[in-house]
Amino acid sequence: MSLIRRMGLLVLALAPVVCGQRGLVQRQVQRKLALVIGNSAYPQAALANPLNDAAAMEVTLRRLGFEVTVVQNADLRRMRGAIDQFAAQLGPDSFGFFYFAGHGIQVNRTNYLIPVDYSATSQDDVQYEAYPAERIKDKLEGTGASLRVIVLDACRNNPWRYTRDSAEGLAPMAVNAVGTLIAYATGDNNVAADNPSDMNGLYTKYLMPALLSPGLTLHDVFQKAKDDVYQASRQRQNPTIYENLVGEYTLIPREAPSPERASPAAREEHQTPRLDAAVETWNYVRDSQNPEDFDNFAKTFPQSDLAGAATIRASQLRRGKVGASSEPAPTSANQDAASRGKQLLGRMQRALGGANKIAGIRDFIQVTNFTVLGPGGYTMKETIRFLAPSYTRGEQEKGADHRAFYSNGATGWWILSQGTIPMSPEDAKEMTVGLFRSYDFYLSDRDPSRTIRAVDDRTVEITASDGQSLRIEIDPVTGLPAKEVYLDYGQNGKLTDTTETLSDWRQVDGVSFPFKSEIEKDGARVVATMSSFRFNTGLTVEAISRQP
């Protein structure tokens, strides 16, 4: 959704760099990378959940902005190569997140992660047949990365018990370098259940929602997972955290007080939507050919609106009634560009929540922070109220400068420091047209005056009768827009390009919205970050047009 086209006024601040609760410096990172390894197919001791855990962690980490590499059922050579390559990508100002689900053992108080081709017959052979966990820590700390997290969901019962080694689980690990956190699925020298009756291991099941909880520092994320697992296991599984973190890092900043403490007005403006793990998981498994994936989905998310669809899909797969995907893949050579474009658009509409839900948005209230990058850059906060078809009202804060505006699509006003001034018809039209144009274009299959065509297997282009167009690059995994390029009329009356990269998608009442976008136009770069978004709030023309 384009939030910043209007007049070049928009832009503004990211979260403050001082953490209010404890007064500690907020750590900053420029790049986030993750390596996720899931090993299940052990010939002697197969595990039920590591592949599910790895897949779920991939979705979670991507949602948090990580570049994720996933390795499944890796032998020792592949594990070594993946870890070396991962460490080589890390550098100063980066955040490295390593996750392993599978078997792990300790020998002489040294921990080892077990590959699927493990064949040691004595504890003396383990060092040659498995990967030392300490080496992962050393490699990550040697990169100079600002933050390093190592999660070992590898404390399952050791099926390779050797004569001289009677210890279970993993041994404690010392953390000396600043910026390292290591988490075990259970206490050191203890074991954790694989939780085969569920879709995920117990620790990963509770780690994922903790990672997606707004406002938690990195320490608090893992403490929450620890507490939740301890309670869910009836005090039998107590995860361990080793850390040396200085300063604080928040994966998802909380920019508003909790609903319980906020005033009614603050709750209206700053309510942060809950991240929907069910939808994210559905987007990951929706094209699966394994009916058990849909059984597990229905079991894990029984309250989700998608649980019924998952049960039907599993039944269809078992009867052989569906092919590789419930949605036709728009790649066949005998389909023309128009029909393939409509298929791409339809898939995107479904990923967003459905065309009818998009069309049913009557009003919305959003709070957005803008940051203009480069020389002369500045920050601004903006609160927007919109009522279909064309009523818009906003308040902007740029330092000590506060302003307000209103437009009905034809006329409007500005309230500036020098007083109230009328808005030109051109500005009034621009204010409304630019505000919700993406979601209007997303429904172009309902407008016969527009042309729709596929550019390639993941890109659709929509052109309006006046020559304006939108090219949408669709994420092949989620079906959501990843990048949009607009060709529209600028203030000089000429067609100009605007490129918008979309991320941090969240569900609000069944419709997906990007809570972060990066925009480039005429050489300028702007980052827009929404702190809250609500729609169909009951706004009226009288309320939205009233001058403050």
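## Exercises on a predicted protein chain

Strand β11 (residues 379-387) is largely enclosed by the rest of the structure, because seven of its nine residues are buried. Here buried means under 20% relative accessible area, exposed means over 50%, and partly exposed lies in between (1.4 Å probe, protein chains only). Helices (H or I, at least four residues) and strands (E, at least two) are DSSP runs, numbered from the N terminus.

This is a predicted model, in which local features need pLDDT of at least 70 and side-chain atom pairs count only at pLDDT 80 or more, while totals for chains, interfaces and linings use all residues. Residues are numbered from 1 along each chain as its sequence is written, and side-chain values use heavy atoms, with hydrogens and water left out.

### Exercise 1: confidence

Find which element of the protein chain has the lowest mean pLDDT and which has the highest.

*Solution.*
- Step 1: Start with the whole chain, whose mean pLDDT (the predictor's confidence in each residue, from 0 to 100) is 78, with 74% of its residues at 70 or more.
- Step 2: Turn to the elements: helix α7 (residues 264-270) has the lowest mean, 41, and strand β3 (residues 94-101) has the highest, 96.
- Step 3: Look along residues 256-275, where the pLDDT is below 50; this stretch has 32 contacts in the model beyond near neighbours in sequence. A contact means heavy atoms within 4.5 Å.
- Step 4: Residues 321-334 also have a pLDDT below 50, with 29 contacts beyond near neighbours in sequence.
- Step 5: Where pLDDT is low, the predicted coordinates should not be read in detail.

### Exercise 2: the chain in numbers

How many helices and strands are in the protein chain?

*Solution.*
- Step 1: The protein chain has 15 helices and 22 strands.
- Step 2: Of its 548 residues, 52% are buried.
- Step 3: Among contacts between residues at least 6 apart in sequence, 62% join residues at least 24 apart.

### Exercise 3: the partners of β11

In which sense does β11 pair with β10, and in which with β12?

*Solution.*
- Step 1: Recall the rule: two strands pair if DSSP finds at least two bridges between them.
- Step 2: Strand β10 (residues 363-372) pairs with β11 in the antiparallel sense over nine bridges. Phenylalanine 364 has phenylalanine 386 in β11 as its bridge partner.
- Step 3: Between β10 and β11, six residues complete a hairpin, and glycine 374 in the turn has a positive phi of about 95°.
- Step 4: On to strand β12 (residues 391-398), which pairs with β11 in the antiparallel sense over seven bridges. Glutamate 382 stands opposite glutamine 396 in β12, and three residues form the hairpin link from β11 to β12.

### Exercise 4: the six-stranded sheet

Work out which strands stand at the edges of the open sheet of six strands.

*Solution.*
- Step 1: Write down the order, β2-β1-β3-β7-β8-β9, with mixed pairing.
- Step 2: The edge strands are β2 (67-72) and β9 (240-244), each pairing on one side only.
- Step 3: Inside this order, strand β1 (residues 31-38) and β3 pair in the parallel sense over eight bridges. Lysine 32 stands opposite phenylalanine 95 in β3.
- Step 4: Now add a helix: α5 (residues 202-211) lies across β3, β7 (147-153) and β8 (180-184), and runs at about 150° to β7.

### Exercise 5: two helices

Describe how helix α1 and α5 pack.

*Solution.*
- Step 1: Helix α1 (residues 50-63) meets α5 at an angle of about 0°, and their axes are 10 Å apart. Axes are lines fitted to C-alpha atoms, for helices over the stretch in contact, and angles run from 0 to 180 degrees between N-to-C directions.
- Step 2: The two helices are therefore roughly parallel to each other; angles under 35 degrees count as such, over 145 as roughly antiparallel, 65 to 115 as roughly perpendicular and the rest as oblique.
- Step 3: Asp53, Ala56, Met57 and Thr60 of α1 make the contact with Thr204, Leu207, Met208 and Leu211 of α5.

### Exercise 6: three loop residues

Is alanine 171 buried or exposed? Then compare arginine 109 and asparagine 536.

*Solution.*
- Step 1: Alanine 171, in the loop between β7 and β8, is buried, with a relative accessible area of 0%.
- Step 2: Arginine 109, in the loop between β4 and β5, is exposed at 54%. Arginine 109 has a positive phi of about 65° although it is not a glycine.
- Step 3: Asparagine 536, in the loop between β22 (524-535) and α15 (541-545), counts as partly exposed at 27% relative accessibility. Its phi is positive too, about 50°.
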